[in-house]
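Here is a short briefing to read with the model open beside you. It goes from the domains to single residues, so feel free to click along.

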Amino acid sequence: MRASSQERMGLGPHRGRLNIQSGIEDGDQYDGAWCAAFKDQDQWLEVDALHLTLFTGVILQGRNSIWSWDWVETYKVQLSNDTVEWQTCMNGTEEAIFEGNQNPEAPVLGLLPVPTVARFIRINPQTWYSNGTVCLRAEILGCRVHDPTDPYPDQQERGSRDKLDFRHHDYKEMRKLMKSVTEECPDITRIYTIGKSYTGLKLYVMEISDNPGKHELGEPEFRYVAGMHGNEALGRELVLNLMQYLCKEYKKGNQRVVRLVTETRIHLLPSMNPDGHEVAYKKGSELAGWAEGRYSYEGIDMNHNFPDLNNIMWDAQETAADPSKVSNHYIPIPEYYTQEDAMVAPETRAVISWMQDIPFVLSANLHGGELVVTYPFDCTRDWAPQENTPTADDAFFRWLATVYASTHLVLANPDRRICHYEDFQMHNNIINGGAWHTVPGSMNDFSYLHTNCLEVTVELSCDKFPHASELPVEWENNKESLLIYMEQVHRGIKGVIRDKSTKQGIENAVVKVEDHDHDIRSAADGDYWRLLNPGEYKVVVWAEGYFPSMRRCHVGLEPHPTICDFVLTKTPIQRLKELRAKGEKIPRDLQLRLRALQMRKLRASTKAINRRRESQTRQARSS
């Protein structure tokens with residue numbers, strides 16, 4: 001990309017890409033457009049396609065800035081094969097004048113009257129916003145053509161060998177595709193709904209498991225959620241690709257996929273915001289812009305729509321006499337949030353209910369528009385705009401983020417360009433959510449504080465809504481990352497917590513790992529999963545009405561969990577309550593244990609009283 005001139009380095013031609021976002025401060029090297037140094041009709045932005053290309057059109061945007069309003073209102077297009085002789089696009093016998101923008105953000109498509117083959121193309125502004133200057137962002141449309149004299153070596157078009165449905169799907173097409181997967185693999189798939197959008201579109205989930213429809217004891221539950229922002233369409237298509245891939249590879253006997261399907265219950269939600277996606281889909285990949293379709297039908301950003309449990313926990317810790325006694329998990333949803341008139345999207349309510357119904361262990365929330373993986377906490381303390389805000393599981397979250405980022409073909413490429421204005425490579429392409437920008441009410445933080453599930457956000461690509469022709473490449477960029485991330489659900493420890501007498505699983509038992517200030521709880525059947533990095537851990541389990549139990553559990557480097565089962569014994573008082581409730585006779589051994597317990601309490605209270613009296617006597621004598 002070259003230009004006739006530039007206002008300054010931060011407004012150079014490299015900043016002229018469609019949808020590029022500026023930094024907070026105007027004037028830095030990452031501003032939001034190419035801007036010419038002069039306001040005249042001799043300015044141009046040039047793109048070298050490197051190969052002979054059949055150019056078909058141009059999409060134009062104005063400057064992205066919170067301080068300035070600049071855009072081009074009309075322009076000409078010029079074409080060349082050598083940058084010496086230029087031909088202006090004609091409309092009949094006259095030079096074609098293309099309509100540009102009327103505001104900075106809405107993309108406008110200008111189709112060439114006659115598609116033309118050339119190597120170089122220039123956008124030549126003719127008029128611009130009267131109170132602004134010559135600034136634009138652009139995307140060029142065209143297809144490479146065969147040229148035997150091409151000086152560049154022929155590079156094989158990148159794509160995918162997987163025979164998947166690589167195209168963008170609207171709501172109806174998405175339903176058809178999901179139905180076709182269940183028909184192809186009926187033994188390992190199930191489609192179910194978790195609720196409806198504001199306009200009544202169902203939130204479909206694909207379950208993939210060797211026993212769909214049932215939670216199997218000891219088998220962890222995993223989820224991918226995409227399309228929280230409706231215009232971030234790549235995640236939706238990747239999830240649809242993933243369900244096709246798992247089905248096809250399972251049928252082929254791919255051992256890695258067979259192991260995933262038989263040892264994991266996988267849930268795939270391709271579109272959390274179907275209303276928003278329908279809006280963006282109608283516009284098309286290049287014309288959806290940066291924000292159209294992002295929000296729910298009611299205008300709610302679902303990325304900020306979950307209960308803010310962070311500040312509830314932090315406020316309680318600050319006011320508590322003993323902060324260690326404040327609950328660090330399963331924090332209840334505040335009363336105001338559950339009211340009918342609360343500004344909570346029906347899609348958000350559906351996902352919360354889904355989280356509460358299924359004991360998820362691991363999840364990822366797929367977004368777009370940047371290349372980075374973020375991990376909790378997303379919300380900062382004291383409303384700081386940016387501040388590293390780690391959780392008690394910071395080391396494992398960093399591992400999870402690194403697993404995805406290090407296997408993503410673009411994220412892992414040290415030569416890649418930055419998307420907008422932040423270079424995440426200095427952070428190894430991962431960052432704490434709060435250190436990037438504070439997000440109160442995020443799904444990741446809610447998942448961590450209200451359930452047992454650890455969740456990260458994956459920003460998949462610079463482009464939120466890539467062209468359909470790019471989908472095979474994006475699948476290959478993300479395929480290994482999507483698979484290996486799912487496999488992390490089998491890290492750490494897992495087991496079943498049972499009643500010593502009945503051998504039945506104990507629901508809601510608390511699992512506490514020493515030096516980790518975040519507990520989890522057992523599921524309905526007594527099974528639990530605690531994601532941990534390799535190491536030696538002291539684990540204490542307790543439940544209401546039971547004596548605590550402690551074990552030391554070793555987590556190795558192997559990608560499979562350590563089994564740590566627990567057997568809990570009821571306290572005598574709990575046994576007495578249950579017997580009295582049933583009207584049964586109290587056994588002799590329980591009577592003796594209760595009597596011994598009463599005596600221990602009596603002795604302990606007597607010692608406490610004596611110590612208090614002795615202290616009072618010493619104080620009286622000294623006075």
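The notes below take the domain layout, then one interface, then selected residues and salt bridges, and lastly some backbone details.

This is a predicted model. Its chain is divided into four parts: domain 1 (2-144), domain 2 (171-314 + 329-479), domain 3 (493-570) and domain 4 (575-610). Salt bridges number 31 in the structure, and several of them are picked out further down.

**Where domain 1 meets domain 2**

- Taken over C-alpha atoms, the centres of domain 1 and domain 2 are 35 Å apart.
- Domain 1 brings 16 residues to the contact, and domain 2 brings nine residues.
- About 1,100 Å² is buried between domain 1 and domain 2, and carbon and sulfur atoms account for 61% of that area.
- On the domain 1 side, N19, Q21 and Y30 are worth a look: they supply 40% of the area that domain 1 buries against domain 2, more than any other three residues.
- Zero salt bridges are found across the interface of domain 1 and domain 2, while three residue pairs are in polar contact there.
- Two strands, β9 (108-128) and β10 (135-144), are the elements that give two or more residues to the side of domain 1 that touches domain 2.
- By residue class, that side of domain 1 is made up of eight nonpolar, four polar and four charged residues.

**A look at E105**

- You will find E105 in the loop between β8 (98-99) and β9.
- E105 is partly exposed, at a relative accessible area of 29%.
- In sequence E105 and G289 are 184 residues apart, yet their C-alpha atoms lie 6.8 Å from each other in space.
- Beyond its neighbours within four places in sequence, E105 is in contact with Q61, R63, N64, R137 and W290.
- With R137, one of these residues, E105 shares a side-chain polar contact of 3.2 Å.

**D162 and its partners**

- D162 sits in the loop between β10 and α1 (171-184).
- With a relative accessible area of 14%, under the 20% cut-off, D162 is buried.
- Setting aside residues up to four places away in sequence, D162 touches Y245, W475, E476 and K479.
- The side chain of D162 makes polar contacts with two side chains in this group: that of W475 at 2.8 Å and that of K479 at 2.9 Å.
- D162 and K479 also form a salt bridge, with their closest N and O atoms 2.9 Å apart.
- This pair links distant parts of the chain, since K479 belongs to helix α10 (residues 471-487) and lies 317 residues from D162.
- K479 is buried as well, at 17% relative accessibility.

**Other salt bridges to visit**

- E232 and R294 meet through their side chains in a salt bridge of 3.7 Å, N to O.
- E232 lies in the loop between β13 (221-226) and α2 (233-252), and R294 in the loop between α4 (274-283) and α5 (309-319), so their pairing ties together parts 62 residues apart in sequence.
- E232 and R294 are both buried.
- R530 and D393 form another side-chain salt bridge, at 2.9 Å, N to O.
- R530 is in strand β22 (residues 527-530) and D393 is in the loop between β16 (370-375) and α7 (394-407), so this bridge ties together parts that are 137 residues apart in sequence.
- Like the previous pair, R530 and D393 are both buried.
- A network of salt bridges links R8, D31, R63 and D70; R63 is also one of the residues in contact with E105.

**Backbone details**

- The peptide bond from P376 to F377 is cis, with omega near 0°.
- F377 is placed in the loop between β16 and α7, and W383 lies in that loop too.
- W383 has phi near 60°, a positive value in a residue other than glycine.
- At 54% relative accessibility, W383 counts as exposed.
- K503, in the loop between β19 (493-499) and β20 (510-513), has a positive phi near 65° and is likewise a residue other than glycine.
- K503 counts as exposed, with 54% relative accessibility.

Technical notes
Residues numbered from 1 in each chain as written. Predicted model: local features only at pLDDT ≥ 70, side-chain atom pairs only at ≥ 80, totals over all residues. Heavy atoms only, no water. Domains from an automatic or database assignment. Contact = heavy atoms within 4.5 Å. Buried area = accessible area lost by both parts, 1.4 Å probe. Salt bridge = Lys/Arg side-chain N within 4 Å of Asp/Glu carboxyl O. Polar contact = N/O pair within 3.5 Å; in protein donor to acceptor, adjacent residues only side chain to side chain. Helix = DSSP H or I, 4+ residues; strand = E, 2+ residues; numbered from the N terminus. Nonpolar A, V, L, I, M, F, W, Y, C, P; charged D, E, K, R; others polar. Buried < 20%, exposed > 50% of the residue type's maximum accessible area, 1.4 Å probe, protein only.
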